[in-house]
Amino acid sequence: SGPIKRSGTAVPSNSARNSQPRWLDFRGALQVAAAALVSGCATMSPQCHVDVDSISSEWLGAKKTYILLPGNEDTSAEDLQFKEFATYVHRALATKGFVRADSIEKAELVVFLAYGIGDPKEHLDFAPGVGQTGVSSSTTFGTLSTYGGYGTYSGTTTYTPTYGVTRCTTHVGSYTIYFRFMLLDAYDLETYRKEKKFSQLWRATVTSTGSSDDLRRVFPILVTASKTHLGSNTGQKVRVVIHEEDAAVLEIKGVKPEPAKPTQ
């Protein structure tokens, strides 16, 4: 029946992400390291913030048998990285009742898996400057002199200033972040066999921004964060906060968690 291909893979854009500097207080350089944790995975911490955006067609129905193919251009099904990542996706799809087909002839769906990591982006952190922002009170001291029906006054007014954050002034550090993504596109194979065109049934866009450029480390976390939403409609982008050592992540990786040590 020939190879199944589709034209191009739309890569999520990260041009609008993290465009604003973060405010830091004055507790020193530890705040600079902590800033990298705000919007994604950090090398120093196993926690990730992952955004999941899933949409599905009303025609999805009960179609659950699938075959998984590469969605990246020039990537074959025998590519070692694809095979590793596909293993994680198979485990996630199984939790939603999807069944991996033995052959494309037995599959109802074809799911394309695409993934990638963006170029590094350097961000600068600034501490807020402190200066006079207004006047809280005033006190007047003076002397009133009278002479006949006339009076004169001489005195001095003292103003008490208020201080606060005025503007971003002090550069206290910088860090590098990376944009990581996974795309899953599912199409109806029955329509393809009959009409030789793709009818999309569901799509999941999973993204994260953080300091780790190791996609092999981050990818199982992306899959875990998305697994409850695969084949469904989230209605909007959903933020999932997940730790690298969570039992759910270890399950996707095929790693059994170490048993808890008995208490003394």
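Are Tyr-115 and Phe-219 buried or exposed? Select the two: both are buried, meaning under 20% relative accessible area with a 1.4 Å probe and protein chains only.

Before going on, a word on the model. It is predicted, so local features need pLDDT of at least 70 and side-chain atom pairs count only at pLDDT 80 or more, while totals for chains, interfaces and linings use all residues. Numbering starts from 1 along each chain as its sequence is written, and side-chain values use heavy atoms, with hydrogens and water left out.

Now show rings. Phe, Tyr and Trp rings (six-membered for Trp) pair if their centres lie within 6.5 Å; planes under 30 degrees apart are stacked, over 60 edge-to-face, the rest tilted. That rule gives 11 aromatic pairs. Tyr-88 and Phe-219 have centres 6.4 Å apart and planes at 35°, so this pair is tilted. Tyr-88 is in helix 2 (residues 80–95) and Phe-219 in helix 4 (residues 215–226), 131 residues apart; helices here are DSSP runs of H or I, at least four residues, strands E runs of at least two, numbered from the N terminus.

Swing over to Tyr-115 in strand 4 (residues 109–117). With Phe-219 it makes an edge-to-face pair, 5.9 Å centre to centre and 75° between the planes. Add Phe-85 to the selection: ring pairs link Phe-85, Tyr-88, Tyr-115 and Phe-219 into a cluster.

Next stop, Lys-64: its charged end sits over the ring of Phe-98, 4.3 Å from the centre (the cut-offs are NZ of Lys or CZ of Arg within 6 Å of the ring centre and within 35 degrees of the normal).

Finally, zoom out and colour by element: 5 helices and 8 strands, running α-β-β-α-β-β-β-β-α-β-α-β-α from the N terminus.

Technical notes
Buried means under 20% relative accessible area, exposed over 50%, partly exposed in between (1.4 Å probe, protein chains only).
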